[in-house]
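Biologist: I should like a close look at one part of this model, namely its internal empty space. Please describe that part and then place it in the setting of the whole chain.

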Amino acid sequence: MSAEPESQRYLLNQMSMLIDGMKGLNNQIARQVEAMGRYDVEFIKLGRSMTNFESELLELRVDMGKVKLEVGQLRADVGQLRTEMGQFRAEMESRLDAILKRIDDLEGRTHDIADHVEELRSDSLRQYNEVMNAVQDSYQNRMSLRDLEARVSELERIVGLRPPPAA
């Protein structure tokens, strides 16, 4: 009889541990969601940079069209045009290299986050399994206790019915 409140207390302790474990898991998931928000912002920035880059390319194409007209009109400035085109090319290559570097950095971060999320998922699954095993063990212990109490009661009943041994 006194063991039943103890088993209930043990079950309540196990449930409390389960709830504490789930709180930790929720906190970890919240941190990951926040980190994903930061990456979304970086992707938006990258998209804006690409839009700016495209508009600059359009402007440069227009400028190149003007330059071509001027070259047709002023063949004497061919050397200057080559210099400007070389600078344009170098500038575009450096911009493109910078964009590619940012894309590589973002890709690396995305892989790191994906790995971390996978670790968190496996950790949460492990914690869930541990909690479920603890709950199952608690339930099995309770059932074993009830079985033992029933056997002891049966033995007491049997012992109580027999006459005392002859002296």
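Modeller: The account below begins with the cavity and then turns to the surrounding helices and their charged pairs.

The model is a predicted one. Rolling a probe the size of a water molecule over the atoms shows where empty space is left. A search of the whole structure for cavities of 30 Å³ or more returns 1, and the volume of the largest cavity is about 40 Å³. Its lining consists of Leu18, Gly21, Met22, Leu25, Ser124, Gln127, Tyr128 and Val131. Two elements, α1 (3-73) and α2 (78-161), each give two or more residues to this lining. Sorted by class, the lining holds 5 nonpolar and 3 polar residues, and no charged residues.

The setting of this cavity is a protein with 2 helices and 0 strands. Of the contacts in the protein with a separation of 6 or more, 93% are between residues 24 or more positions apart. Buried residues account for 13% of the 167 residues. The accessible surface of the protein is about 13,500 Å², and carbon and sulfur atoms contribute 58% of that area.

One residue of helix α1 that merits separate attention is Gln14. Its relative accessible area is 8%, and Gln14 therefore counts as buried, the limit being under 20%. Once neighbours within four places in sequence are set aside, Gln14 is in contact with Ala134 and Ser138.

The charged residues form the next part of the picture. Side chains of opposite charge can pair when their charged atoms come close. The structure contains 11 salt bridges, and three of the pairs are described here, beginning with one that joins the two helices, Arg95 with Glu56. In this pair the closest N and O atoms are 2.1 Å apart. Arg95 belongs to helix α2 and Glu56 to helix α1, so the pair, 39 residues apart, links distant parts of the chain. Arg95 has a relative accessibility of 30% and is classed as partly exposed; Glu56, with a relative accessible area of 29%, is also partly exposed. Both residues take part in a network of salt bridges that includes Glu91.

The other two pairs each lie within one helix. In helix α1, Glu42 and Lys45 are 3 residues apart, about one turn of the helix. Their salt bridge has its closest N and O atoms 3.7 Å apart, which falls within the 4 Å limit for such a pair. Glu42 is partly exposed at a relative accessible area of 22%, and Lys45 is partly exposed at 41% relative accessibility.

In helix α2, a salt bridge joins the side chains of Arg121 and Glu118, with an N to O distance of 2.8 Å. These residues are likewise 3 residues apart, about one turn of the helix. The relative accessible area of Arg121 is 45%, and this residue is partly exposed. Glu118 is also partly exposed, with a relative accessible area of 40%.

To return to the part requested, the largest cavity is bordered by residues from α1 and α2, and its lining has no charged residues.

Definitions and conventions. Residues are numbered from 1 along each chain as its sequence is written. This is a predicted model: local features need pLDDT of at least 70, side-chain atom pairs count only at pLDDT 80 or more; totals for chains, interfaces and linings use all residues. Side-chain values use heavy atoms; hydrogens and water are left out. On a 1 Å grid over the protein atoms alone, a cavity is a set of points where a 1.4 Å probe fits but cannot get out, and a pocket is an open set with protein on both sides within 12 Å along at least five of seven lines; lining residues have an atom within 4 Å of a point. Grid points are joined across faces, edges and corners, and a volume is the space filled by probe spheres set on the points. Helices (H or I, at least four residues) and strands (E, at least two) are DSSP runs, numbered from the N terminus. Ala, Val, Leu, Ile, Met, Phe, Trp, Tyr, Cys and Pro count as nonpolar, Asp, Glu, Lys and Arg as charged, and the others, Gly among them, as polar. Buried means under 20% relative accessible area, exposed over 50%, partly exposed in between (1.4 Å probe, protein chains only). Contact means heavy atoms within 4.5 Å. Accessible areas come from the Shrake-Rupley method with a 1.4 Å probe; for residues, only the protein chains shown count as cover.
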